[in-house]
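The following exercises are meant for a reader who has not worked with this structure before. Each task is followed by a solution in steps.

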Amino acid sequence: MPHDARAVVLRLWKAAAGERWRLVVATIFAVLYVVATLATPIYSAYLIDCLWALIQASFEQGRTFAVSWESGGAQVLGLLGVWTLAWLFYSGQALVMSGFAERLNLNLRKQVSRKINRLPLAYFDARQPGETISRVTNDLDKVSEVMQRGLLQLLISTFTLVGAVIMMTTYDLALTGLFALAAALSFLLTKVVAAKTYGAFDRRQAVMGRLSGKVEEAYTGRAVIKAFGDEEKSFQSICDDAEELARAGAFADFLASAVAPVIRFLMRLVQVVIALLAGRLLLNGTLSVGRFQAVFQYITEGSEPLTEVSGTINLLQGALAGAERVFSLLDQNEVEPDPKEPLALPEPLRGRVAFEHVRFGYRPGCPLMKDVNLVAEPGQKVAIVGATGAGKTTLINLLMRFYEVDGGHITIDGVDTRSISRSELRRSFGMVLQDSWLFEGTIAQNIAYGKLDATRDEVEAAARAAHVDFFVRTLPQGYDTVLTNDTESVSQGQRQLLTIARAMLADPAMLILDEATSSVDTRTEQYITRAMEAIMEDRTSFVIAHRLSTVVDADLILVMDHGDIIEQGTHLELLAKGGRYAELYQSQFA
Ligand SMILES: Nc1ncnc2c1ncn2[C@@H]1O[C@H](COP(=O)(O)OP(=O)(O)OP(=O)(O)O)[C@@H](O)[C@H]1O
C-alpha cells in the first residue's frame, strides 16, 4: 500500500472538489444497476415456478403445454424490461464516471502545471527533466485511467456482492454462510497480494520516470552524444532502464492478474459444494426449482465481483502509486512568494545596481559566494571575467532572482530586489544569452516577445539596429518565417542577433549579455559586436566578457574566483595592481 493510503485517497477526494456530484450520480446509477441485476433472479425464480406449475398441470391433465400472454408471456417481457433498465443504468454510470475521472485528472494537471512555475530552480537542478515530465504525463494518466475503470468496478462489485449475500439469506442461511466464508477467504488473499503489487507498481512508475528522463536527454543532447561517439553507451543505458521497466511492469501486471484466476477457482469449488447441498434441499422439497436456480444465480453474481474486486484493488494500487508521486511533487517547497504589497521601481529607472555583502550557495552548507560587494552606476558597462566555474553566471542568477541570496542585499536604484515582484524585476532587464532562446513561431513573433504590442515597423527597426534585417530578408518568408525549436536554417550567430533585436525592441533600462564563445564567422561576429555596442549604449550592462575589446572598454571589471569578486576596477587600475587580472590578461588576452 502507499505509505499512507488513506492520506492519498483523502487528497484525491479534495482534488475532486466541484466534481463530487458526478461521483454521487454515478453511485446512484451503480446502485440502480445492481438492484436491477439482482432483481432478475427473484423475477426469474417466480417465472420458472409459474412455468413449472404449468408444465406439471399440462402433464397431469394430458394437455399440450402452451404459454399465453396471461400465463407467462407478460412476465417474460417484464424480464426483458428489467435487463434493458440494467443496461441503461450501467451505461449512464460509465458516462458520468469517465467525466469524473477526466475532470479529476484535469484539476490535478492544472495544480501540477501551476506548481511547476512556482518551484525553485534548485528543484530542477537536482532532477532529470524527464522525471518531472513523467509525473505530469504517465503518473496522471494512470490516475485517470484506473480511476475511470477501477472505481466503477469497485462500486459495482461491492454493491453486487453485498446485495447478493443479502438476497441469498432470504433463501437459505446455511448456504449463505458457506458463501460468505469463501468470500472472506478470497478477500484475505487479495489483501496479501495487494501489499505486494503496490511496491511493484511504485517501482514501475519510478523506472518509467527515469527512462523518460534518459530518452529526453538523449534527444536534446544528440549532437553532443554523437560528437563524443557515445551513441552505444547512451543506447545501452536506455536499454537497461527499458529492460528494468519491462521486468517491473511484467511483475506488476502478473501480480495484478494472477490473483483473479485463483479466486475464480476457489469460488468454483464453493459452487460445487453448494450445488450438492442445494440439490439435497431440492430433492427433499425444501427448495423449489425456481428458488434453487435463484440461489445459484446469486452465487454466480456474487462470485464474479469477488474476482473483480481483487483485480480492481490491484488496479487501484497503480492509481494510488501514481497519485502519490504526483502529490509528492505538489508538496515540494515553492520559491519564496513575492511580497504581498510589492514596492515599485522608480520611474524612470536610472539603473544603479548594488550588491551588498551578498552570500549564496547552491546547496545548504556549501557556500559559494561569501561576501560580494559591487556598485554599477547608471549607464556603466560592467565586465565580469573569471575562469570557468568562477561564479559569473551565479552573479547573474542572483541579480535576476533565479536563486535567492542567503544573506546581504541586491538593490536597484536603492530598492531591494526582494521587495519588488519578480516579474517587475525581470522586466527591467534585457537578456542576451549564449544559447539564445527562440521559440516555435515566426521571426517577427520571436523579436516581439519582449514587447507583445509592437508594430511590424518597430520589429523591423529593431532588426535593422541589430544588423539582422538583411539576413531575415534573404529568407523566402522573411519576417513570417516560422522557426522551429531546432531550426537548422538559422545559425548560432544569427540566433544571437535575433535575441539582440528582441532586447532592443523591449528597450529595458538594464542589460545582461553573455558574449558568444562559440565560433561564428568573422562577418557575423562583427555584426554581433556592433549590435552589442549599440544596445549597451546608455544602459547599465553586465557582460560575461570573452572579448578583449569589451573588457578593456568596460567602466568596471569584476574578477571572479571561487564564487567571490577578488578584484574590481578599470582595466588600467587592475593592470597597475599587478594581481589576478593582470595575470589573466597576460595569459588570455595579450
Ligand atoms: N545549478 C547549480 N547547482 C549546483 N551548483 C552549481 C549550479 N550552477 C553552478 N554551480 C556551481 O557553482 C560554481 C559557479 O558556477 P557558475 O556557473 O556561476 O560559473 P561560471 O563562472 O559562469 O562558469 P562558466 O564560465 O563555465 O559558465 C561552479 O562550481 C558550479 O559547479
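**Exercise 1.** Decide whether strand E9 (residues 510-514) is largely enclosed or open, and describe its surroundings.

Solution. The model is a predicted one. Step one is burial: five of the five residues of strand E9 are buried, so the strand is largely enclosed by the rest of the structure. Step two is the direction of the side chains. In a regular strand, side chains alternate between the two faces of the sheet. In E9, Met510, Ile512 and Asp514 point one way, while Leu511 and Leu513 point the other way, and all are buried. Step three is pairing. Strand E6 (residues 429-432) runs parallel to E9 and is joined to it by four bridges; methionine 431 stands opposite isoleucine 512. Strand E10 (residues 540-544) is also parallel to E9, with five bridges between them, and threonine 540 is the bridge partner of methionine 510.

**Exercise 2.** Work out whether arginine 22 is buried or exposed, and find what it touches.

Solution. Start with its place: arginine 22 is in helix H2. Next, count neighbours: 20 other C-beta atoms lie within 10 Å of arginine 22. A residue counts as buried at 20 or more, so arginine 22 is buried. Then list the contacts: leaving out residues up to four places away in sequence, arginine 22 touches Val96, Gly99, Phe100 and Arg103. Arginine 103 is 81 residues away along the chain, yet the two C-alpha atoms are separated by 9.7 Å.

**Exercise 3.** Describe the largest nonpolar core and say which helix gives the most to it.

Solution. First, the size: the largest nonpolar core has 67 residues, and Ala30, Val143, Phe179, Val295 and Ala323 have the most contacts inside it. Second, the sources: several helices each supply at least two residues, including H1 (5-15), H2 (20-61) and H9 (289-330). H9 gives the most, with 16 residues. Third, one member: apart from neighbours within four places in sequence, alanine 30 is in contact with Gln93, Leu155, Ile156 and Phe159. Separate from this core lies another, of 64 residues, among them Met369, Val432, Val543 and Leu584.

**Exercise 4.** Identify the element that supplies the largest share of the shell around the ligand, and sort the shell residues by character.

Solution. Begin with the members: the residues around the ligand include Asp125, Tyr362, Gly391, Lys392, Thr393 and Thr394. Helix H10 (residues 392-399) supplies the largest share, three residues. Finally, the shell divides into three nonpolar, six polar and two charged residues.

Notes:
Residues are numbered from 1 along each chain as its sequence is written. This is a predicted model: local features need pLDDT of at least 70, side-chain atom pairs count only at pLDDT 80 or more; totals for chains, interfaces and linings use all residues. A nonpolar core is a set of buried Ala, Val, Leu, Ile, Met, Phe, Trp, Tyr and Cys residues joined through C-beta atoms within 7 Å. A residue is buried if 20 or more other C-beta atoms lie within 10 Å of its own, exposed if 12 or fewer, and partly exposed in between; C-beta atoms are placed from the backbone. Two residues are in contact if their C-beta atoms, placed from the backbone, lie within 7 Å. A residue is near a molecule or strand if its C-beta atom, placed from the backbone, lies within 6 Å of it. Ala, Val, Leu, Ile, Met, Phe, Trp, Tyr, Cys and Pro count as nonpolar, Asp, Glu, Lys and Arg as charged, and the others, Gly among them, as polar. Two strands pair if DSSP finds at least two bridges between them.
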